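Here are my notes for you to read next to the model. Keep the picture open and look up each residue as it comes up.

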2 protein chains.
Amino acid sequence: MFDLKTYLDTKRSQINGAIKDILRHYTASSRIMEAVDYSLMASGKRLRPVLCLAAAEAVGAKTGKEIIHAACALEMIHTYSLIHDDLPAMDNDDLRRGKPTCHMAFDEATAILAGDALLTFAFQVLSENAASAIEQSGTHLLTGWLDVIQTIARSSGCQGMIEGQMLDISSEGTTLTLEELEHMHTLKTGALIEASIYTGAVLGKGNIKQIQALKIYSKNIGIAFQVVDDILDVEGDPVVMGKTSGGDRIRNKNTYPSLLGIEKSKEFAKLRIGDALQAINFFDNNFDPLRAVANYIIGRNR
Amino acid sequence: MFDLKTYLDTKRSQINGAIKDILRHYTASSRIMEAVDYSLMASGKRLRPVLCLAAAEAVGAKTGKEIIHAACALEMIHTYSLIHDDLPAMDNDDLRRGKPTCHMAFDEATAILAGDALLTFAFQVLSENAASAIEQSGTHLLTGWLDVIQTIARSSGCQGMIEGQMLDISSEGTTLTLEELEHMHTLKTGALIEASIYTGAVLGKGNIKQIQALKIYSKNIGIAFQVVDDILDVEGDPVVMGKTSGGDRIRNKNTYPSLLGIEKSKEFAKLRIGDALQAINFFDNNFDPLRAVANYIIGRNR
């Protein structure tokens, strides 16, 4: 039996260690780095970097420093998006990962800049590690790294996450169709999750068959992840989740439960996880962590 | 005699055309792209992309599509920084480039996201053009492009522009020494100006002697540019500048005029321009546009 808890603990501590190393390397003014550190080192699930590393290992790669740092860049982008989404002008949230949100702990200006810094930092880390990987192992790695940087930029920009957040905000108070809701979530949450798995698969030098299967896997777990997020906002325990629940209903957000009801939403998430598992069914046990993570996504309570 | 006006008109229309092409290429939701388009197509000086192209031509390069797009990426980063700096939580400005600021024309959430989108977009454009340049001309271009992407990320992140903005905000109401003020401005304005010239010089395949000279040139015009900005905030015509003047004093900002007085600030700017011109004195007339731009920086009225 694959032991997911140990696996997640190991990966998370690897990622947290690498993030600390990266931060230690830079000496900006105390205040901006304090805010970056505060938000980045809060106890997140580290789902995106874990998926990135798991995908790299699934296709048979050893995860060296460069891939781990690329995984950290994905967490930086995720964290910046949380900081900005929490701002008063956006979702106006006070609590995140069990602590006051960045603008509550510091102030609004610092939170905006900390988000900007994390986003910029992600591309710095990516390009620096691309350069160092190529210097060590040769220019045959080039296409992969440039592909990954482009994919991450597209997935987190206005063809991905930012567009999803804009749609989310502007659809508050209106009722979306299930198709529109899925489109919004595919952009808002799905795009960066897909990019995380793609990053691991490409930097891990996966073959086309593996990468194709992982695309289907990632698309499905991305949707399932968001459905469960919506369900937890209704049913979850704020203490376990580290954030306020019920916010979606207060803000009149379109969610799976609001459109399908709780039970049908749970079924829907299970179906997506089934599709994800099906897509990687024929691969060897290097894929076991990804199988376990897929199951964890619907079983999670935060 | 070198005709700067015609030169700037030509370059600006080249840059504006390329920005339009880039924007047309992407089909995000109307609202976020409207805000991006609104801020990006406002009549800016286009100083950073002009400097990038002028530096590439100075070192003897023809400026093809990829360099022009890299120049546009620099303008995207500059525009994002203006959008975020203008936000109520930061400088709270209503007017920019002669029009209502992004959050006034749209709303705060849209302005935050439009800034985020432009920053992300810049790295997308850079990595896409790196890939296309290398595909066309070979991997020998690789080191240059990766160097440029790293430099732009560093200059605009918390080792550059963002750190400068943080220092600017947190020093409001306190009095800085001239040295501290220069440090702040070197980060806030200088870093991206330096990166713009470096981008042109490296992508234009300049030699070490040229690049070294351009570093000194760019450092000096970066400082001079900011000193003149401070002077214009006191003496400038809001109609010509397209933004409110006097804001620095109202916000108790540290500026060159507040520390040195107007006359000494003007002298200081002239000395910096003298140093910039000195650094590129021995080069041929390919450097004439850069010479003219240096003089334009202290002569400008907006």
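1. Start with confidence. pLDDT is the predictor's confidence in each residue, on a scale from 0 to 100. Helices (H or I, at least four residues) and strands (E, at least two) are DSSP runs, numbered from the N terminus. Which elements of chain A have the lowest and the highest mean pLDDT? Helix H11 (residues 238-241) of chain A sits at the bottom with 71, and helix H3 (residues 47-58) of chain A is at the top with 98. For chain A the mean pLDDT is 92, with 98% of its residues at 70 or more. Where pLDDT is low, the predicted coordinates should not be read in detail. For the complex, the predictor gives an ipTM of 0.94 and a pTM of 0.95.

2. Some ground rules. This is a predicted model, where local features need pLDDT of at least 70 and side-chain atom pairs count only at pLDDT 80 or more, while totals for chains, interfaces and linings use all residues. Residues are numbered from 1 along each chain as its sequence is written, and chains are lettered from A and ligands numbered from 1 in the order in which they are written.

3. Now chain A as a whole. Its secondary structure comes to 15 helices and 2 strands. The radius of gyration of chain A is 18 Å, close to the 19 Å that the globule rule gives for 302 residues, so chain A is as compact as a globular protein of that length. (That radius is taken over C-alpha atoms, and the rule is 2.2 Å times the number of residues to the power 0.38.) Along the principal axes, the C-alpha atoms of chain A fill a box of roughly 55 × 50 × 35 Å.

4. What's inside? A residue is buried if 20 or more other C-beta atoms lie within 10 Å of its own, exposed if 12 or fewer, and partly exposed in between, with C-beta atoms placed from the backbone. Of the 302 residues in chain A, 53% are buried. Two residues are in contact if their C-beta atoms, placed from the backbone, lie within 7 Å. Take the contacts in chain A between residues at least 6 apart in sequence: 75% of them join residues at least 24 apart.

5. Have a look at helix H4 (residues 65-86) of chain A. The expected span of a helix is 1.5 Å times one less than its number of residues. The 22 residues of H4(A) should therefore span 32 Å, and the end C-alpha atoms are 31 Å apart, which agrees. H4(A) is mostly covered, with 21 of its 22 residues buried.

6. Zoom in on His69(A), which is found in helix H4 of chain A. Is His69(A) buried or exposed? His69(A) counts as buried because it has 22 C-beta neighbours inside 10 Å. Leaving out residues up to four places away in sequence, His69(A) touches Ala18(A), Ile22(A), Val125(A) and Asn129(A). The C-alpha atoms of His69(A) and Ile15(A) are separated by 8.1 Å, although the two are 54 residues apart along the chain.

7. How do the two chains relate? A turn of 180 degrees and a shift of 0.0 Å along the axis lay chain B on chain A with an RMSD of 0.0 Å. The two copies are thus related as by a two-fold rotation axis. (The fit is by least squares on the C-alpha atoms of residues with pLDDT of at least 70 in both.) The same surface serves both copies, as 100% of the contact residues of chain B recur in chain A.

8. On to the interface. The contact takes 44 residues from chain B and 44 residues from chain A. H6(B) gives the most to the side of chain B that touches chain A, with 16 residues.

9. Helix H7 (142-156) of chain B is worth a visit too. Its buried residues, including Trp145(B), Leu146(B) and Ile149(B), pack against helix H6 (108-137) of chain A together with H4, H6, H8 and H9 of chain B.

10. Last, a backbone oddity. Most residues other than glycine have a negative phi, and most peptide bonds are trans. Asn92(B) has a positive phi of about 50 degrees although it is not a glycine. Asn92(B) is found in the loop between helix H4 (65-86) and strand E1 (95-96) of chain B.
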